[in-house]
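Student: Got a minute to go through this one with me? I'd like to get a feel for the fold before I set anything up.

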Amino acid sequence: MAATKGLFAQSYAEARARFLAAADAAGARIESEPHPLRGPDGGTLAIDAALIGPADASKLLAMTSGTHGIEGYTGSAIQSKLLKEGLAERLPADTALLFIHAVNPWGFAHGRRVNEDNIDLNRNFALPPFPENAGYALLHDALVPGEWTEDTRAKSRSAQGAFIGKHGLEAFIAALSTGQYTHPDGLFYGGQAPSWSNRVMRSIFEREFLPRKTLAFIDIHTGLGERGAGEVLCTEAPGHPVFELGRKWLGPDIRSTSAGTSVSADVRGTMKSALIDLLASDGNERQTMAISIEYGTVPQDRVGAALQADNWLYRHGDPESALGREIAREMRTVFLVEEADWAETIHEQAARHVGNALKGLAST
Ligand SMILES: [Zn+2]
């Protein structure tokens, strides 16, 4: 264990302190938007935006962490390490760097993927009429049992297995994870209105992204795919300029959720899609690359069970109980691999993609 200590922060507060120190040392101008709620330790929660380089630069490299709360341990570590290793000194001419820390600070601090309203932020950027998801309604009762015991877990697994038997695995993954807008207490709930984080991010997009001409946007996630594999994924399909710019700059391994080539389902209402729509809305010519990097951790069924347990805990259980702490530890384990080889590969891949994005920006 000793070797792995210090690879990642132990709390949101520690991750935030590391990020703010690294950003400050790199000469960033930091704007913090405080969240109305507090962390479990009573501490401040905020979205922190660190801007480096000319304020009026026509090119921007932006990276977000913690859109899915607890996944922020990885994104935060990547942001802090890139800053510490002098990324700010390697910016091409006319290029600014914007690192946005903890898009969902409440979830990050509480060790959850959802936000304070049980909303999956990366489904919350959809506009009404919201996408329908009839499959989710069929699964809901099995996914969120009133009790969390060996017996209810076994029943849930068998109901999910029956759904897969009847409709197929692809339909199951789509029903479960593309997002649903009908069950506020359920999994992958997209909400009925823009959440706090959504509103703050849209204002940052308008202030810092709209004035630019060429943009590279990277949103860091964990929990899907093979252990340590970092998939570069785009919501747009091959042929779309946003996808093609990603392919040109980051290489042929880029995947598309809408074309069905990604580890992720074809999710609606993502932050990336909202940004792409915003940048296309004012008629100005831009070059935009908008991707996520999704780092694999542990097998999917284990991630799914952890999300079910976490949902049950906050609906029916006590986070301070022994079972509550066990569920919290499992959440951290399924979204963060605290092992040296995993840390090394995620940092190496992020540095490579960021370096390629900067080369791309420099070439325009
Ligand atoms: Zn995620």
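Tutor: Sure. One definition to begin with: a residue is called buried when its relative accessible area is under 20%, and exposed when that is over 50%. Keep in mind as well that this is a predicted model.

Student: Okay. So how many residues of strand β5 are buried?

Tutor: 10 of the 14 residues in β5, which covers residues 214-227, are buried, so the strand is largely enclosed by the rest of the structure.

Student: Which strand pairs with β5 over 6 bridges, and in what sense?

Tutor: That's β3, residues 59-64, and the pairing is parallel. To pick out one bridge, Leu-61 is partnered with Ala-216 in β5.

Student: And how many bridges join β5 to β8?

Tutor: There are 10 bridges between β5 and β8 (residues 287-296), and those two run parallel. Thr-222, for instance, has Tyr-295 in β8 as its bridge partner.

Student: Switching to the metal. What are the protein donors of the zinc ion?

Tutor: His-68 and His-221 each give ND1, and Glu-71 is listed with OE twice; these donors lie 2.0 to 2.7 Å from the zinc ion.

Student: What does the geometry of the site come out as?

Tutor: Irregular: the angles among the 4 donor atoms go from 53 to 146°. A tetrahedral call would need all angles between 85 and 135 degrees, so this site doesn't qualify.

Student: What spacing do the donors follow along the chain?

Tutor: The spacing is H-x2-E-x149-H. Glu-71 is in the loop between β3 and α2 (72-84), while His-221 is in strand β5, 150 residues apart, so that pair links distant parts of the chain.

Student: Are those two buried or exposed?

Tutor: Glu-71 is buried, at 2% relative accessible area. His-221 is buried too, with a value of 2%.

Student: Pockets next. What's the volume of the largest one?

Tutor: About 1100 Å³ for the largest pocket. It's lined by 48 residues, and the closest to its centre are Ile-173, Leu-176, Ser-177, Leu-224 and Gln-300.

Student: Which elements give two or more residues to that lining?

Tutor: α5, α6, β5, β8 and α10. Strand β5 is also where His-221, from the zinc site, is found.

Student: And how many cavities of 30 Å³ or more does a search find?

Tutor: Searching the whole structure gives 1. The largest cavity has a volume of about 90 Å³, and its lining includes Arg-112, Arg-113, Asn-118, Phe-188 and Asp-310.

Student: Asn-118, okay. What's its phi?

Tutor: Near 60°, so a positive value in a residue other than glycine. Asn-118 sits in the loop between α3 and α4, and at 14% relative accessibility it counts as buried.

Student: Which other residue has a positive phi although it is not a glycine?

Tutor: Ala-102, with phi of about 65°. Ala-102 is in the loop between β4 (95-101) and α3, and it counts as buried at 0% relative accessibility.

Student: Where's the cis peptide bond?

Tutor: It joins Pro-128 and Pro-129, with omega at about 0°. Pro-129 is in the loop between α3 (105-110) and α4.

Student: While we're at α4, which of its residues are buried?

Tutor: In α4, residues 134-143, the buried ones are Gly-135, Tyr-136, Leu-139, His-140, Ala-142 and Leu-143. Their cover includes α5, α6 (169-177) and α10 (300-316).

Student: Can you give me a residue to look at in α5?

Tutor: Try Gln-160, which is in α5, residues 150-167. Leaving aside neighbours within four places in sequence, Gln-160 contacts Leu-139, Leu-143, Phe-172 and Gln-308. Its relative accessible area is 14%, so Gln-160 is buried.

Student: Last one: how does Thr-44 count for exposure?

Tutor: Thr-44 is partly exposed, at 39% relative accessibility. It's found in strand β2, residues 44-52, and beyond neighbours within four places in sequence, Thr-44 is in contact with Tyr-12, Arg-16 and Arg-38. From Thr-44 to Ser-76 is 17 Å, C-alpha to C-alpha, and the two are 32 residues apart in sequence.

Key: Residues are numbered from 1 along each chain as its sequence is written. This is a predicted model: local features need pLDDT of at least 70, side-chain atom pairs count only at pLDDT 80 or more; totals for chains, interfaces and linings use all residues. Side-chain values use heavy atoms; hydrogens and water are left out. Buried means under 20% relative accessible area, exposed over 50%, partly exposed in between (1.4 Å probe, protein chains only). Helices (H or I, at least four residues) and strands (E, at least two) are DSSP runs, numbered from the N terminus. Two strands pair if DSSP finds at least two bridges between them. Contact means heavy atoms within 4.5 Å. Donors are N, O and S atoms within 2.8 Å of the metal (3.2 Å for Na, K and Ca); water is not among the atoms, so sites may look incomplete. Four donors count as tetrahedral if all angles lie between 85 and 135 degrees; four count as square planar and six as octahedral if opposite donors are over 155 degrees apart and all others between 65 and 115; anything else is irregular. On a 1 Å grid over the protein atoms alone, a cavity is a set of points where a 1.4 Å probe fits but cannot get out, and a pocket is an open set with protein on both sides within 12 Å along at least five of seven lines; lining residues have an atom within 4 Å of a point. Grid points are joined across faces, edges and corners, and a volume is the space filled by probe spheres set on the points.
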